[in-house]
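Biologist: Could you take me through how the helices of this model pack and what its nonpolar core is built on?

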Amino acid sequence: MITTYKNIFRTLVLGFILTVAILTALVRHQLSQSFSKAFEKMNAQPAAVEKPEVVQPLPETPKELAPEIISAHLSKAYDRCVENYKDELLSAYRAFKTQIGTIHEDFAISSAQVFEDTIHEKITIRTMMRLVRLKATDMIRRDGKDRDTEWVNNNIVSTIEPSGQNYAEKYQEAIAMFEQRVKMATGEIQARFQIELNVEWAALNNDPSFAQAAAKVLSHTSQIPISIAMLSAGAAFDAAAIRNGMITRIGASLTSAYRTFAARFLTKPAKKAAASGIAAAVDGPLPVGDILGAGFALWTAYDVATLSSGFRKKMIESYQEGLDEQLAELETTVFPSIQSNIEEIVRDLRDKKQSILNAI
């Protein structure tokens with residue numbers, strides 16, 4: 001019986017040991033698999049993450065500018081171009097006017113001195129007697145001639161001709177410079193328009209539809225006729241016309257001054273000389289003694305000298321008056337004519353704007 005118990009006990013102990021061994025093996029196996037998976041995860045490459053597909057938007061077709069927007073910007077460019085052109089023309093005009101003023105002033109100073117020297121040389125006591133004799137001759141012959149005035153014109157007024165020629169030449173030089181500036185400004189008008197169009201194009205972010213319209217308008221502006229001749233017509237006189245006009249104007253002033261002077265101081269002595277017959281032989285030697293006796297009976301030599309001095313002064317004043325009239329002629333005719341022509345050309349360009357813009 002005791003042996004039986006021992007066998008049973010031995011069997012239980014062996015079963016327990018076997019169970020523990022089996023459980024230990026199972027645990028080791030499970031742990032081994034767990035560590036293997038952990039190491040595999042640690043050593044494994046990260047899986048690629050799929051990104052969502054990005055759909056690219058289709059490029060938008062650029063929208064064309066509305067015609068009224070294009071037209072408004074073209075109009076701005078055109079208006080600025082015309083204003084710039086007008087400013088250039090007015091600048092050329094002001095430079096011309098200033099140059100003419102300088103020429104006139106220089107001429108007045110230099111020629112007046114020459115004329116004054118001529119007057120002091122030509123008008124003497126004998127000159128006064130000669131004029132009395134010539135006036136008396138007219139009274140005697142009554143042939144319609146004005147011998148004393150003719151003598152003044154031939155011997156005094158004619159001395160201004162060289163100065164008149166010099167003035168005319170300088171005037172022509174001023175006209176040439178004015179015309180050159182006008183031609184330059186006119187030749188650049190299309191380039192100016194191109195610059196203004198580029199400004200508007202940049203303001204519209206270089207829009208292609210505006211560029212096409214600008215190209216059409218620019219080609220159309222090349223057909224705009226601008227009359228340069230119209231601008232210079234008011235200023236352009238040839239040298240002969242300037243010289244003759246100057247001489248005529250100053251000569252008329254001098255002649256008028258002489259006649260006023262003669263009527264006041266020489267007519268009475270001339271009548272006495274005519275009555276005495278002294279002036280009959282007008283082409284002969286000047287009978288100074290007889291004229292003094294008949295015409296200037298109540299005058300002293302001092303009176304005659306004073307009269308000569310007064311005549312010189314009168315002629316010099318009249319010369320200056322003639323110069324002033326010449327400048328006044330420029331101020332009232334030439335300069336306003338140029339300004340008027342500039343305004344007309346600018347107005348014509350503005351009137352043509354709509355027809356140019358309609359080209360698009």
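Modeller: Contact here means heavy atoms within 4.5 Å, and the model is a predicted one.

Biologist: With that meaning of contact, which residues does Y319 touch, leaving aside its neighbours within four places in sequence?

Modeller: Y319 belongs to the largest nonpolar core, and is named there with L74, F96, L266 and M315 as touching the most other members. Once its neighbours within four places in sequence are left aside, the residues in contact with Y319 are F107, S111, A112, F115, I160, I250 and L254.

Biologist: Which helix gives the most residues to this core?

Modeller: The core in question is the largest nonpolar one, with 72 residues. Of these, 19 come from the helix that gives the most, which is α2.

Biologist: How is α2 oriented relative to α5?

Modeller: The axes of helix α2 (residues 67–122) and helix α5 (residues 161–187) come within 10 Å and cross at roughly 170 degrees. Angles over 145 degrees count as roughly antiparallel, and therefore α2 is, relative to α5, roughly antiparallel.

Biologist: By class, what residues make up the contact of α2 with α6?

Modeller: Helix α6 (residues 189–203) packs against α2 at an angle of about 140 degrees, with the axes 8 Å apart, so that α2 is oblique to α6. Their crossing is right-handed, and the residues that make the contact include L74, R80 and E88 of α2 as well as R192, F193 and E196 of α6. By class, the contact has nine nonpolar, two polar and six charged residues.

How values were computed: Residues are numbered from 1 along each chain as its sequence is written. This is a predicted model: local features need pLDDT of at least 70, side-chain atom pairs count only at pLDDT 80 or more; totals for chains, interfaces and linings use all residues. Side-chain values use heavy atoms; hydrogens and water are left out. Axes are lines fitted to C-alpha atoms, for helices over the stretch in contact, and angles run from 0 to 180 degrees between N-to-C directions. Helices (H or I, at least four residues) and strands (E, at least two) are DSSP runs, numbered from the N terminus. Angles under 35 degrees count as roughly parallel, over 145 as roughly antiparallel, 65 to 115 as roughly perpendicular and the rest as oblique. A crossing is left-handed if the near helix is turned anticlockwise from the far one by less than a right angle, and right-handed if clockwise. Ala, Val, Leu, Ile, Met, Phe, Trp, Tyr, Cys and Pro count as nonpolar, Asp, Glu, Lys and Arg as charged, and the others, Gly among them, as polar. A nonpolar core is a set of buried Ala, Val, Leu, Ile, Met, Phe, Trp, Tyr and Cys residues joined through side-chain atoms within 4.5 Å. Buried means under 20% relative accessible area, exposed over 50%, partly exposed in between (1.4 Å probe, protein chains only).
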